[in-house]
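The report below works through one protein model, moving from its strands and sheets to its cores, a helix and its aromatic contacts. Please read it alongside the sequence and the structure.

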Amino acid sequence: MKHRILPFIVLPGLLTLPCVVSAGGSADKTLKVMSFNIRFDTPLDSCEQAWSARQKPIRAMLDDARPDVIGMQEPRLNMLEATYALLPEYTHFKIEARDSITDPMTGNILIFYRTDRFEAVDSGYFWLSATPKHPSRPWDSTDTHYRCALWMLLRDRSTGSSFYFCTTHFPYKKAPVDTEVRARCAALIVERMKEIAGGTAPGFVTGDMNASDAPEDPRHASLDPFFKGMKSARHEAPISNSRSSFNGFGRKFKNIRGKNLDHIFYLNATPLCFETLDSPNYGVKYISDHYPILCHFEL
C-alpha cells in the first residue's frame, strides 16, 4: 500500500488538522524532518515568552509531532541541559567547545535524531566562511557571529537505508552585503552536501536562513543556490501550508518581509506533506519566535 496524504480540513469551530500520512506496510520509508529555531534564553523575554515558560509547551509540541530528525538553532550553553531533557528519546550531535573552540564559535546549532530508529555512521561540520575548516566568521558580513553547518550520515536500524542531514543558521543582518554573504553560505552548503552525499543518496538541509524567497523580500537572492542545487520541501510537497515560520512573538518587524525564514531543502527524496506548526494549544501563544517546520518524506 502506498502512502496517502489527507488534505488539511477546516471546519467551523475546529482548528486546521495536521498532515496525516498513512504508511500501510512501509512506515520505515517515511521520514519526518523538522527545523526549529528554539529562541535563545534572554532576560528581554518575560512571562510566557521566557525560556522557562516555554519548555513544557515545546515538549508537548515534540510529543505531538514526533519528528525523526531535528535541525535546531539557538540553544545557548546555559540552555543545553534543559534542551536535552526535552528530547530524552533522541541523541544529539553538536560542535563541542574545547581549547581552540569557544562556545560562541560553535554556532549554537544541534542535530537530534531518534535513537530507537537510527544510528550515526558519520558526522562533521564546517564554518560558513572562506576558511571552512577553521573557526571563522562569514566573509565580510556585518553580522559578527560565527556561523556553521553540521552534517550527519544516519542509518535506519531496521531497513539499513541511509541519508545525510545538515542544519545551519545564517547571518541575520539586512545590509545588501549580507544577502551576498548568505548566498555564499548557501552555495558552500550545497557544494559540500553534494560532495559528501554523492549523486544518489537522500540529503536534507534545514535551518533558519534569515531570508525568504518572497519577491518582495530584498534578501530573497540569499536562497538562490539552494533553489538551483536542491529542492524546497515547502514548494514541492503536494500538501503544504503557506503560514509564516517567523512570528517574532507577535511583534511586527518592518524589515522582516515574506516571513518564511526557516527552510527544508532536499535531494533524492519525495516530500509528502509540509507543515508550519503554529498551533497555540500548547499552553503559551508562541513556543518560540519561530514556529517549527516539519516535512514528511518518502525515501
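## Strand β6 and its partners

In this predicted model, the side chains of strand β6 are divided between two directions, with Ile109, Ile111 and Tyr113 pointing one way and Leu110, Phe112 and Arg114 the other, and all of them are buried. In a regular strand the side chains alternate between the two faces of the sheet. The strand, which covers residues 109-114, is accordingly described as mostly covered, with six of its six residues buried.

Two strands pair with β6 in the antiparallel sense: β4 is joined to β6 by five bridges, and β5 (residues 90-93) pairs with β6 over four bridges. Individual bridges place Gln73 with Ile109 of β6 and Phe93 with Ile111 of β6.

## Two open sheets

These pairings belong to an open sheet of seven strands with mixed pairing, in the order β5-β6-β4-β3-β15-β14-β12. Because β5 and β12 (239-240) stand at the edges, each with a single partner strand, one side of each is left without a neighbour in the sheet.

Another open sheet has six strands in the order β7-β8-β9-β10-β13-β11, again with mixed pairing. Its edge strands are β7 and β11, each of which pairs on one side only. Within this sheet, β10 (residues 203-208) and β13 run antiparallel and are joined by six bridges, and Thr206 stands opposite Ile264 in β13.

## Nonpolar cores and the surroundings of Ile264

The largest nonpolar core contains 29 residues, and those with the most contacts inside it are Val33, Val69, Phe163, Phe204, Ile264 and Phe297. Two or more residues are given to this core by each of β3, β6, β7 (118-127), β8 (148-156), β9 (162-169), β13 (262-267) and β15. The largest share, four residues, comes from β8. A second, separate core of 25 residues includes Phe126, Met193, Ala197 and Val205.

When residues up to four places away in sequence are not counted, Ile264 touches a set of residues that includes Val33, Val205, Thr206, Ser232, Phe274, Ile293 and Phe297. One of these contacts, Ser232, is placed in strand β11 (residues 231-232). Is Ser232 buried or exposed? With a relative accessible area of 4%, Ser232 is buried, since buried means under 20% relative accessible area. Under the same exclusion of residues up to four places away in sequence, Ser232 touches Phe227, Ile264, Phe265 and Tyr266.

## Helix α1

Helix α1 comprises 15 residues (residues 51-65), which at 1.5 Å a residue should span 21 Å; its end C-alpha atoms are 20 Å apart, and this agrees with the expected value. The helix is followed by Arg66, whose phi is positive, near 45°.

Which residues of α1 are buried? They are Trp51, Arg54, Pro57, Ile58, Met61, Leu62 and Ala65. An α-helix has 3.6 residues a turn, so residues three or four places apart point the same way. The cover over the buried residues of α1 includes β3 (30-37), β4 (69-73), α2 (80-86) and β15 (293-298).

## Aromatic rings and charges over rings

Rings of Phe, Tyr and Trp are paired here when their centres lie within 6.5 Å, and by this rule the count comes to 13 aromatic pairs. For Tyr286 and Tyr291 the ring centres are 6.3 Å apart and the planes stand at 40°, so the pair is tilted. Both Tyr286 and Tyr291 are buried. Ring pairs also link Phe118, Phe163, Phe204, Tyr266 and Phe297 into a cluster, and among these Phe163, Phe204 and Phe297 are listed with the most contacts inside the largest nonpolar core.

Two arginine residues are also placed over phenylalanine rings. The charged end of Arg76 sits over the ring of Phe40, 4.4 Å from its centre, while Arg192 lies over the face of Phe126, at 5.1 Å from the ring centre. Phe126 is also one of the residues included in the second core.

Methods:
Residues are numbered from 1 along each chain as its sequence is written. This is a predicted model: local features need pLDDT of at least 70, side-chain atom pairs count only at pLDDT 80 or more; totals for chains, interfaces and linings use all residues. Side-chain values use heavy atoms; hydrogens and water are left out. Rings of Phe, Tyr and Trp (its six-membered ring) pair if their centres lie within 6.5 Å; planes under 30 degrees apart count as stacked, over 60 as edge-to-face and the rest as tilted. Buried means under 20% relative accessible area, exposed over 50%, partly exposed in between (1.4 Å probe, protein chains only). A charge sits over a ring if NZ of Lys or CZ of Arg is within 6 Å of the ring centre and within 35 degrees of the ring normal. The expected span of a helix is 1.5 Å times one less than its number of residues. Contact means heavy atoms within 4.5 Å. Two strands pair if DSSP finds at least two bridges between them. A nonpolar core is a set of buried Ala, Val, Leu, Ile, Met, Phe, Trp, Tyr and Cys residues joined through side-chain atoms within 4.5 Å.
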